[in-house]
Amino acid sequence: MRRRTGGEREDVDLRIDILTLFPEMFSGPFAGGMIRKATEAGICDLRVHDLRDWAHTAHRVVDDEVFGGGPGMVLKPEPIVAACEALVAKGTGRLVYLTPQGVPLDQTLAGRLALECGLVLLCGRYEGVDERALQILRPLEISIGDYVLTGGELPAMVLVDAVVRLLPGVLAAGAAAEDSFATGLLEGPQYTRPRVFRGLEVPEVLLSGDHARIAAWRRYEALRRTWRRRPELLRSAPLSAEDRRMLRAVMAEEPPAGRTQP
Ligand code: ADE
């Protein structure tokens, strides 16, 4: 249990309020797996809100034409500002706006968001949100990648998944520490039973029971995979003297292939 800055106590680690024009999109993805487990265990409290509930017209209109002309519609500032102010005040939450123009979501940012007591996720739609709403609310703008989706709902689900799995008690102790990116490297290969599948054998070292050898093998394979697939990550990864020795061996073994996909 964490104490909010206002002194109010909360029974959950993280409250997440999602503001969207399509609340029904969230029922499937949040109904199973790790998110459901975290919700049922009281680790996080997820609430989805319909932006139209803050519309102030009889027809619950929340969008309008673009000033200056152009295709598509823009989300009006009044309902967004009213909704975000109400939700942020309730949860002392950090306001996040999902947009392709935001800072890229990565493992470090997911880890930082997992330390917050509350998040309010604003999902954009159409041509985006009236700029004045953003000027007033000053949200943290986050993108999940350099491509454009039809709205912020799928990015919000991605963010929730990336953040909630990092909350204490959601994964087995220590599991997240071994993730790709958590160590600054890609994770190496994993195997399970059977020992031989279609003639392919599990590497002998993994069956040896020698924990030091297994750890060294895993580190070597992580370095090798990172060198082959994402060599640029090695520039910022924290590497020990032993890592550097292994990396020289990896590099001698194979030149960088660069990205294997077009
Ligand atoms: N909305 C539309 N595309 C997006 C993206 N790539 N990231 C975050 N929000 C978005």
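How far apart do the C-alpha centres of domain 1 and domain 2 lie? The C-alpha centres of these two domains are 37 Å apart. Keep in mind that this is a predicted model.

1. Domains. The chain splits into two parts. Domain 1 covers residues 14-164. Domain 2 covers residues 178-262.

2. The ligand shell. The residues around the ligand include Leu-98, Thr-99 and Pro-100. Ile-142, Ser-143, Ile-144 and Gly-145 are also among them. So are Tyr-147, Val-148 and Leu-149. Gly-151 and Pro-155 belong to the shell too. By character, the shell holds 8 nonpolar and 4 polar residues, and no charged ones.

3. Which elements supply the shell? Strand 5 (94-104) and strand 7 (140-143) each supply at least two of its residues. Strand 5 gives the most, with 3 residues.

4. Polar contacts to the ligand. Which backbones come up here? A polar backbone atom of Ile-144 is 3.0 Å from a nitrogen atom of the ligand. For Tyr-147, a backbone N or O atom lies 2.8 Å from a ligand nitrogen. Leu-149 also has a polar backbone atom 3.0 Å from a nitrogen atom of the ligand. Taken alone, the ligand exposes 260 Å², and the protein buries 96% of that.

5. Thr-99. This shell residue is found in strand 5. Is Thr-99 buried or exposed? Thr-99 counts as buried because its relative accessibility is 7%, under the 20% cut-off. Leaving aside residues up to four places away in sequence, Thr-99 touches Glu-141, Ile-142 and Ser-143. Two of these contacts, Ile-142 and Ser-143, are also listed around the ligand.

6. Glu-127. This residue sits in the loop between strand 6 (118-123) and helix 4 (131-137). Glu-127 counts as exposed because its relative accessibility is 52%, and the cut-off is over 50%. Even so, Glu-127 has contacts beyond its sequence neighbours: with residues up to four places away not counted, it touches Val-66, Pro-71, Gly-72, Met-73 and Val-74. How does Glu-127 stand relative to Gln-107? The two are 20 residues apart along the chain, and their C-alpha atoms are separated by 28 Å.

7. Backbone geometry to check. Most residues other than glycine have a negative phi, and most peptide bonds are trans. The next three points concern departures from that pattern.

8. Cis peptide. Which residues does the cis peptide bond join? It joins Arg-193 and Pro-194, with omega about 5°. Pro-194 lies in the loop between helix 5 (153-164) and strand 8 (196-197).

9. Arg-60. Phi of Arg-60 is near 55°, a positive value in a residue that is not glycine. Arg-60 is placed in the loop between strand 2 (44-50) and strand 3 (63-65). Arg-60 counts as partly exposed because its relative accessibility is 33%, and that class runs between 20% and 50%.

10. Arg-198. Here too phi is positive, at about 45°, although Arg-198 is not a glycine. Arg-198 is found in the loop between strand 8 and strand 9 (200-201). Is Arg-198 buried or exposed? Arg-198 is exposed, with a relative accessible area of 77%.

Key:
Residues numbered from 1 in each chain as written. Predicted model: local features only at pLDDT ≥ 70, side-chain atom pairs only at ≥ 80, totals over all residues. Heavy atoms only, no water. Domains from an automatic or database assignment. Near = heavy atom within 4 Å. Polar contact = N/O pair within 3.5 Å; in protein donor to acceptor, adjacent residues only side chain to side chain. Areas by Shrake-Rupley, 256 points an atom, 1.4 Å probe, with all protein chains shown as cover. Helix = DSSP H or I, 4+ residues; strand = E, 2+ residues; numbered from the N terminus. Nonpolar A, V, L, I, M, F, W, Y, C, P; charged D, E, K, R; others polar. Buried < 20%, exposed > 50% of the residue type's maximum accessible area, 1.4 Å probe, protein only. Contact = heavy atoms within 4.5 Å.
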